[in-house]
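Colleague: I should be grateful for a close look at a single part of this structure, with the terms explained as they arise. Please treat that part in one connected account, and then place it against a few local details elsewhere.

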Amino acid sequence: MAFFPDVAKIKYEGPDSKNPLAFRHYNPDEMVDGKSMKDHLRFAVCYWHTFRGTGSDPFGPGCAIRPWDDGSESVENAVKRARVAFEFMEKLGCPFYCFHDRDVAPEGKNLSETNKNLDAVVKALKEEQQRTGIQLLWGTANLFSNKRFVHGASTSCNADVFAYAGAQVKKALEVTKELGGVNYVFWGGREGYHNLYNTDLRREFDHLAKFLGMACDYAKKIGFTGQFLIEPKPKEPTTHQYDSDCAACMAFLRTYGLEKQFKFNVETNHATLAGHSMFHELTYASSYGMLGSIDANRGDELIGWDTDQFPTNLYTTMQTMLVVLNQGGLGSGGLNFDAKVRRESFEPIDLFHAHIGGMDTFAHGLKIAAAIKKDGVLKNFVKQRYATWDSGVGVEIEKGSANFETLEKYMLEKGEVAANTSGRQEYLENLVNRYFR
Ligand code: XUL
Ligand code: CO
């Protein structure tokens, strides 16, 4: 059965195409920097926005037209939605998808009925994966929507809630393994606080660490070998999310000895909410070997919340892909479109336009980043800028053979520092602009 009868498989038609249902840059088999675009980009459709998004906002209910969805919380409706999702992804040519347990299957009366519902839909997802070859980039658990998680999940003041969350993640890990998921994501949900008058911050951090440790133990026990990813976000829903940015997550993981088991899933809109550029968050994570995957979206420069828009900013996608290329790829990670169409874009076809645009902006950004990397212009500049560290006193400091006394002796003899040189920011910005064609 065709749920998108008017849409054929989306094809690459080249930069001059005016067809809104064609790619202008994403050409999956085209080789860039020694690898196909498909393998560089590893695009994933996100189930929650694309197949559960209704367009509701705090001022009005959903208005999205989704003819296949009867609006019920039945397993039949959930299975049908799974068939729709795979037709969509197949036509789009998107090789991966991501989901939360509760996106794909409805909750039942109790945990055991909920788990049964999940199993029924997972069966359909598995059939569809086998039919299409589309793979699971990552699974995760929704530990924030149900009212039991009002105070958080692993950081709840209620120990029973920690226990429920543990049982839920146990099942989500089993299902992710069953579907061959290559990563598993922990986004903080309601793990954070609104007010310190009622919060034992240190105890909550300890509990979060315990929870993640239990997840590592269980993954090992069942032989789940996918990469664990933490997704930083500074605020929303809580005023202060514990996993606020990559640096805070790094400090947390190291404090509790968990840094070897996790990498980061860095999201563009979360980076900007944290007051950083995406380029900063990616560079920080990558510098420490912690960049595992990306939630590809964008915020709005004028709005201070998580608008989760589709990525259409070529500068950001170029910078993102430059970091990815410089670290030799994302490994098992990929680019998940954690993005939703605007409420006003309520027709099914808008879902195609949104994803095609996101994929094209990343493919275009990848080509520009590859050209910049090939010419080595930024790398060479940075190398040159730090040249004083490659000989003499610089080497002594870096290798640890200098101390304040040797430095004093050196400087007393020399009298003054070697001349500083310009940082040439404007020259470099102009240089980068030359690659945008
Ligand atoms: C929330 C967010 C989540 C995670 C998965 O801001 O980004 O959808 O990506 O839980
Ligand atoms: Co996300």
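**Parallel strands and the ligand site**

Modeller: Strand E8 (residues 183–187) pairs with strand E10 in the parallel sense over five bridges. Strands (E, at least two residues) and helices (H or I, at least four residues) are DSSP runs numbered from the N terminus, and two strands pair if DSSP finds at least two bridges between them. The model is a predicted one, in which local features need pLDDT of at least 70 and side-chain atom pairs count only at pLDDT 80 or more, while totals for chains, interfaces and linings use all residues. Residues are numbered from 1 along each chain as its sequence is written, chains are lettered from A and ligands numbered from 1 in the order in which they are written, and side-chain values use heavy atoms, with hydrogens and water left out.

Within the pairing of E8 and E10, Phe-186 has Ile-230 of E10 as its bridge partner. Strand E10 covers residues 227–231 and pairs in turn with E12, again in the parallel sense, over three bridges. Here Ile-230 has Phe-264 of E12 as its bridge partner; Ile-230 thus has a bridge partner in E8 and another in E12. From E12 the pattern continues to strand E13 (residues 291–295), which runs parallel to E12 and is joined to it by four bridges. Val-266 faces Ile-294 of E13 in this pairing.

Burial can be described for two of these strands. A residue is called buried under 20% relative accessible area, exposed over 50% and partly exposed in between, with a 1.4 Å probe and protein chains only. Four of the five residues of E10 are buried, so E10 is largely enclosed by the rest of the structure. Strand E12 (residues 262–267) has five buried residues out of six and is therefore also largely enclosed by the rest of the structure.

The ligand provides the next part of the picture. Around ligand 1 stand Trp-48, His-100, Trp-138, Trp-187, Glu-231, Lys-233, Glu-267, His-270, Asp-295, Asp-306 and Asp-338; a residue is near a molecule if one of its heavy atoms lies within 4 Å of it. Among these neighbours, Trp-187 belongs to strand E8. Trp-187 counts as partly exposed because its relative accessibility is 23%. Its C-alpha atom is 22 Å from that of Asp-57, a residue 130 positions away along the chain.

Three of the ligand's neighbours make polar contacts, a term for pairs of N or O atoms within 3.5 Å (within protein, one must be able to donate a hydrogen and the other to accept it, and residues adjacent in sequence count only if both atoms are side-chain atoms). A side-chain N or O atom of Lys-233 is 2.9 Å from an oxygen atom of ligand 1. Asp-295 places a polar side-chain atom 2.9 Å from an oxygen atom of the ligand, and for Asp-306 the corresponding distance is 3.0 Å. On its own, ligand 1 has 290 Å² of accessible area, of which the protein covers 94%; such areas come from the Shrake-Rupley method with a 1.4 Å probe, and for residues only the protein chains shown count as cover.

Ligand 1 sits in the largest pocket. A pocket is an open set of points, on a 1 Å grid over the protein atoms alone, with protein on both sides within 12 Å along at least five of seven lines. A molecule sits in a pocket if more than half of its atoms lie within 2 Å of its grid points.

Two loops that follow strands of this part deserve mention. Pro-237 lies in the loop between E10 and strand E11 (240–241), and the peptide bond leading to it from Glu-236 is cis, with omega near 10°. Trp-305 lies in the loop between E13 and helix H11 (314–326). With 51% relative accessibility, Trp-305 counts as exposed. Trp-305 and His-270 are 35 residues apart in sequence, with their C-alpha atoms 9.0 Å apart in space.

Two further loops complete the account. Asp-33, in the loop between strand E3 (31–32) and strand E4 (35–36), has a positive phi of about 50° although it is not a glycine. Arg-424, in the loop between H15 and H16, also has a positive phi of about 50° without being a glycine. Thr-421 is placed in the loop between helix H15 (404–414) and helix H16 (425–433), and its 68% relative accessibility makes it exposed.

Definitions and conventions:
On a 1 Å grid over the protein atoms alone, a cavity is a set of points where a 1.4 Å probe fits but cannot get out, and a pocket is an open set with protein on both sides within 12 Å along at least five of seven lines; lining residues have an atom within 4 Å of a point.
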